[in-house]
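Visitor: I should like to take a close look at a single part of this structure. Please treat one strand and its surroundings in a connected account.

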Amino acid sequence: MFVQAARYMHNHNANKNDMMKFRCYGVEKEPDTVKLAKMNLLLNNVRGEITEANSFYSDPYNAVGKFDYVMANPPFNVDEVVYEKVKDDTRFNTYGIPKNKSKSSKKGTDKKETVPNANYLWISYFASALNKNGKAALVMANSASDAGNSEYEIRKKMIEEGIIKQMVTLPSNMFSSVTLPATLWFFDKNKANTDKKDEILFIDARNVFTQVDRSHRKFSDEQIKNLGIITKLYDGDEQAYRDLIKEYNNNLEVAPEHSSEDIKDKKYWKEQIEWLQERFPEGKYQDVIGLCKVSKLDEEDGIIEQDYSLNSGRYVGVVIEDDGMTKNEFREKLVCMNNELKKLTEEVKNLEKNIFENIRGLFN
């Protein structure tokens, strides 16, 4: 993330004074990781500071309302945070503290009450750290998008305040160590002051990935650009769309066609152009079934009707492929499949009978 921050800084700030103002801050509880992070700052010429501390119990930068940008990939489903130590902390209680439905009734124990799941502590922490124009992006477990009980109330408050800009559901197997699927949350504090306050952009990217091996997936550079252009079109940046199409066309034109590899290269750039033009043919944002949708709070099947869920799949829908069959053709195919099923079922019964008799014969 520090490398990305450095690249963003150098690509978007031609003014040297602006670059000097850029500072990066982080909190990390593992000493070795702190050293790696500090080294990263140095190697990538990023001014900033990394503090060794536990984020739940320490606030070294007085974070509330301070930051222009927050970017984080916190540990999911932490369950040992002591409730008494965080309940009065503004970083966490601005939107509400996750709480057990009832206290333990066990007698003879002095075990302190803990937060049932710290996912919403992280979410609240990053949201409350933003200044009035601040933006945040964080990775979170899919389960947080629909979490109930006290988490539901926290999510509802954030949605109604208008600070959640968009949600992106990721494919599974995107992490090297776990298969757990995740969702990207995006906050924009200034959104609450715009005509987009009562809507959220949902992107379902579960079918957009590059298979690395049997158990790992990733986004290619072009897949990241294609998904990113959805947000830019939603923001009204149609020039970014035209620029990306031009970039792909330029790559297509310079690609030679002397070998099977060259042909494959040309095909790749054509596919990128087609992917964009099929979904956004006019170069403007539009809802695309199975990919993206802008949902409002109070519309039919909107966010309120969906019980304040932030699960993209509930909004974007599913593409139903047309198989090209008529009703009669479908009926005939279904009857054939049913007859085949009956035949297979009879064969299974006969096989079971033969196996049973053979086993019985072995012991008689």
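Which residue of S10 does Phe202 stand opposite?

Guide: In this predicted model, Phe202 stands opposite Lys293 in S10. Phe202 belongs to strand S7, which covers residues 199-204, and the pairing with Lys293 is part of a wider set of contacts between strands. S7 and strand S10 (residues 292-296) run antiparallel and are joined by five bridges. S7 is also paired with strand S5 (residues 164-169): these two run parallel, with four bridges between them. At Thr169, the bridge partner in S7 is Asp204.

The burial of S7 may be considered next. In a regular strand, side chains alternate between the two faces of the sheet. On one side of S7 lie Glu199, Leu201 and Ile203, on the other Ile200, Phe202 and Asp204, and all of these are buried, so that both faces are covered. Because six of the six residues of S7 are buried, the strand is largely enclosed by the rest of the structure. Phe202, opposite Lys293, is thus one of the buried residues, as is Asp204, the partner of Thr169.

Elsewhere in the model, helix H6 (residues 119-128) and helix H7 (residues 149-161) have axes that come within 11 Å and cross at roughly 25°. With an angle under 35 degrees, the two helices are therefore roughly parallel to each other, and their crossing is left-handed. Tyr120, Ile123, Ser124 and Ala127 in H6 meet Glu151, Ile154, Arg155 and Met158 in H7.

Methods. Residues numbered from 1 in each chain as written. Predicted model: local features only at pLDDT ≥ 70, side-chain atom pairs only at ≥ 80, totals over all residues. Heavy atoms only, no water. Buried < 20%, exposed > 50% of the residue type's maximum accessible area, 1.4 Å probe, protein only. Pairing = 2+ DSSP bridges. Axes fitted to C-alpha atoms, helices over the stretch in contact; angles between N-to-C directions. Parallel < 35°, antiparallel > 145°, perpendicular 65-115°, else oblique. Left-handed = near helix turned anticlockwise from the far one by under 90°. Contact = heavy atoms within 4.5 Å.
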